[in-house]
Amino acid sequence: CAVMSIVSKGTPVWDAALLGAVAAAMTDTWSTEIGRTYGTSPVDWFTRKPVLAGTSGGITMAGIYGSFGGAISLAILAWMSITKWQVASPVSFAVIFGGLLGATADTMLGSTLQELRRCAVCSTTTEKKFHCGKRTRMYRGIKGFNNDVVNFACSLTGAVTAGLMIKFVLG
């Protein structure tokens with residue numbers, strides 16, 4: 001998106017897509033960190049069963065509020081830089097929706113498709129291939145669909161959402 005934004009000389013669709021991708025990553029990070037720091041016991045997004053803090057797909061209300069904070073913060077920065085504080089920009093709204101939808105996709109994929117493993121020694125659930133010095137066993141998800149794939153899908157969702165919103169708003 002960054003390359004296309006430069007090549008297309010600031011076409012609003014590519015600018016929005018770039019900001020949507022960054023907003024999705026930022027929103028996901030804010031929700032995770034704020035949820036871990038200020039949240040109560042997380043639950044799995046899909047099953048609603050309690051999970052350990054930091055488990056992919058786990059959510060808390062504090063984390064949800066954090067995701068809104070991340071999306072809105074980047075939208076404000078985009079608005080300040082694009083409009084120089086003059087008028088509301090449709091890009092800002094696209095950034096918010098791209099960020100929130102991207103982070104939601106991250107949570108959904110982390111809860112359902114992401115590869116999770118279990119330690120044979122201590123039974124800890126982990127994303128790592130080794131724990132307690134031993135190889136872990138996959139117990140859920142799609143082999144190879146790891147956190148990197150989930151993060152890519154998060155950013156891609158944010159980029160596509162924001163880019164398409166601007167395309168349809170501005171024509």
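Visitor: How many aromatic pairs turn up when you search the whole structure?
Guide: Just one. Rings of Phe, Tyr and Trp (for Trp, the six-membered ring) pair if their centres lie within 6.5 Å; planes under 30 degrees apart are stacked, over 60 edge-to-face, and the rest tilted. Keep in mind that this is a predicted model, where local features need pLDDT of at least 70 and side-chain atom pairs pLDDT 80 or more, while totals for chains, interfaces and linings use all residues. Residues are numbered from 1 along each chain as its sequence is written, and side-chain values use heavy atoms, without hydrogens or water.

Visitor: What makes you say that Arg118 lies over the face of Tyr139?
Guide: A charge sits over a ring if NZ of Lys or CZ of Arg is within 6 Å of the ring centre and within 35 degrees of the ring normal. Arg118 is at 4.1 Å from the ring centre of Tyr139 and is listed as lying over its face, so it meets that definition.

Visitor: Why are β3 and β7 called paired?
Guide: Two strands pair if DSSP finds at least two bridges between them, strands here being DSSP runs of E with at least two residues, and helices runs of H or I with at least four, numbered from the N terminus. Three bridges join β3 (residues 116–118) to β7, running antiparallel, so the pair qualifies. One partnership is Arg117 with Met138 in β7.

Visitor: Which strands are at the edges of that sheet?
Guide: The open sheet has the order β4-β3-β7, with antiparallel pairing. Its edge strands are β4 (125–126) and β7 (137–140), each pairing on one side only.

Visitor: Why is Phe145 called buried?
Guide: Buried means under 20% relative accessible area, exposed over 50%, and partly exposed in between (1.4 Å probe, protein chains only). Phe145 has 18%, so it counts as buried. Phe145 is in the loop between β7 and α5 (147–170). Leaving aside neighbours within four places in sequence, its contacts are Leu109, Leu113, Gln114, Glu115 and Val150, contact meaning heavy atoms within 4.5 Å. Leu109 is 36 residues away along the chain, with a C-alpha separation of 9.2 Å from Phe145.

Visitor: How do you know that the span of α2 is close to the expected one?
Guide: Helix α2 (residues 12–38) has 27 residues and reaches 36 Å from first C-alpha to last, against 39 Å expected. That expected span is 1.5 Å times one less than the number of residues. Among its buried residues are Ala16, Gly20, Met26 and Asp28.
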